[in-house]
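Visitor: Please give me a close look at the empty space here and at what borders it.

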Amino acid sequence: MIRKTLGVVACLSIWGLSFSALAQTDPNLLRSIAPDRAAKLAAAAKAEGAITLYTSIAEKDLKPLIEPFEKKYGVKVSTWRASGDSVMNRTLNETKAKRYNVDVVHAGAVELEVLHREKMLQAVASPHFADLMPGSVPAHKEYATTIYSMWVQAYNTGAVKKTDLPKTYQDLLDPKWKGRLGYEVENIDWFVTVVQSMGEAKGLQYFRELATTNGISVRKGHTNLTNMVAAGEVPVALTVYNYMPEQLKKKGAPIDWTVLQPAVVRGNAVGVMKNAKNPAAAALFMDYLLGEGQQAYADLEYLPANSKIPSTLRNYKMLVVDPEESLDRRDKWRKLYDEIIMRGAK
């Protein structure tokens, strides 16, 4: 009997699991709203000792987010970082193959909604949900938005005068912008949201006219496009995330940004996997990102989902990308996007 028990413990050790952690992790703890939830979760997480995170957050921004959590709670965070689509696809493929390598996923809300629909996430009751911006937590509570990435219009300060910047979307139809507009290839959600804000028929006509008259230069990668603006290769980028030009600007690069309002923002969300090996640590990390970690996001120029964290970005009128709309009508919008933006690109 002793040998059999030791054999089980050995197997758990090989799989990267702790026998004591499994014994201490109450499956109902993640959904608890009891006053002692935080203390019990922290204790169970420390017993588990580690989590694996798949994320689309920029590599350089991971350390200031993760290190404080590791030091405070004694939980090691191993990360795999890629684009939102890659994070989603790897998670889908591994889970369907019953390889439960990842505990917690942080990517676009659209990608998290896909994981929800595939029944790969589990509901969590975080005390921070009440502090988040409206719409940050879906009814099923299987993920929650941590930050909103705001698409802004970046420009090279040596190529474009601040006084000449467009103030409305209609201003982009001015002939002076011909051949000067860059666009990131994957920003279909920005396109859809702007079209809908104008009224579908009018919005589609607007983008057809923009692509035909002034042209849109499509580039791959938000970081790449931002760097091209800073280098002067692209005078104006229509779709980069606000924190990218802001971070380069603070380093002295000839780049700045403006916002055509209403600004389009895309949620990035966090969720705990249903088959997480370290569920308590994963839920604790989710709590951390929605609470204590929100200031670190703000320091990195992101828009925190937690309304208690001040941000000048809250001064802008915003339109939030709807993850369900993006998925439910994806085929329709992809066809229009390819026709107008991709084929019309110059």
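Guide: First, a term. Helices (H or I, at least four residues) and strands (E, at least two) are DSSP runs, numbered from the N terminus. This is a predicted model, where local features need pLDDT of at least 70, side-chain atom pairs count only at pLDDT 80 or more, and totals for chains, interfaces and linings use all residues. Residues are numbered from 1 along each chain as its sequence is written, and side-chain values use heavy atoms, without hydrogens or water.

Now the method. Rolling a probe the size of a water molecule over the atoms shows where empty space is left. The search runs on a 1 Å grid over the protein atoms alone. A cavity is a set of points where a 1.4 Å probe fits but cannot get out. A pocket is an open set with protein on both sides within 12 Å along at least five of seven lines. Lining residues have an atom within 4 Å of a point. Points are joined across faces, edges and corners, and a volume is the space filled by probe spheres set on them.

Start with the largest pocket. Its volume is about 950 Å³. It has 42 lining residues, and Ser 83, Gly 84, Glu 186, His 222 and Tyr 241 are the closest to its centre. For classes, Ala, Val, Leu, Ile, Met, Phe, Trp, Tyr, Cys and Pro count as nonpolar, Asp, Glu, Lys and Arg as charged, and the others, Gly among them, as polar. On that basis this lining holds 16 nonpolar, 13 polar and 13 charged residues.

The second largest pocket has about 220 Å³. Its lining has 15 residues; Gly 135, Tyr 143, Val 321, Asp 322 and Pro 323 lie nearest the centre. Eight are nonpolar, four polar and three charged. At least two lining residues come from each of α6 (109–117), β5 (144–156) and α13 (323–328).

Look at α6 itself. Buried means under 20% relative accessible area, exposed over 50% and partly exposed in between, with a 1.4 Å probe and protein chains only. Eight of the nine residues of α6 are buried: Ala 109, Val 110, Glu 111, Leu 112, Glu 113, Val 114, Leu 115 and His 116. Contact here means heavy atoms within 4.5 Å. The cover over these buried residues includes α5 (84–96), β3 (104–108), β4 (121–122), α7 (188–198), β10 (263–273) and α13.

After α6 comes Lys 119, in the loop between α6 and β4. Lys 119 is not a glycine, yet its phi is positive, about 60°. With a relative accessible area of 63%, Lys 119 is exposed. Lys 98 sits in the loop between α5 and β3. Its phi is also positive, about 60°, and it is not a glycine. Lys 98 is exposed at 65%.

Next, the cavities. Three reach 30 Å³ or more. The largest holds about 50 Å³. Leu 53, Thr 55, Ile 57, Leu 62, Leu 65, Ile 66, His 106, Phe 285, Leu 289 and Tyr 297 line it. Eight of these are nonpolar, two polar and none charged. β1 (50–55), α4 (59–73) and α11 each supply at least two, and α4 gives the largest share, three residues.

The second largest cavity holds about 40 Å³. Its lining consists of Thr 95, Arg 99, Tyr 100, Asn 101, Val 102, Met 120, Met 273, Lys 274, Asn 275 and Ala 276. That makes five nonpolar, three polar and two charged residues.

Back to α11, which borders the largest cavity. All 12 of its 12 residues are buried, so α11 is largely enclosed by the rest of the structure. Among them are Phe 285 and Leu 289. The expected span of a helix is 1.5 Å times one less than its number of residues. For α11 (residues 279–290) that gives 16 Å, and the end C-alpha atoms are 17 Å apart, which agrees.

Finally, the core. A nonpolar core is a set of buried Ala, Val, Leu, Ile, Met, Phe, Trp, Tyr and Cys residues joined through side-chain atoms within 4.5 Å. The largest has 111 residues, and Phe 191, Phe 207, Leu 210 and Phe 285 touch the most other members. α11 provides the largest share of this core, 10 residues. Leaving out residues up to four places away in sequence, Phe 191 touches Tyr 183, Leu 204, Phe 207, Trp 333, Leu 336, Tyr 337, Ile 340 and Ile 341.
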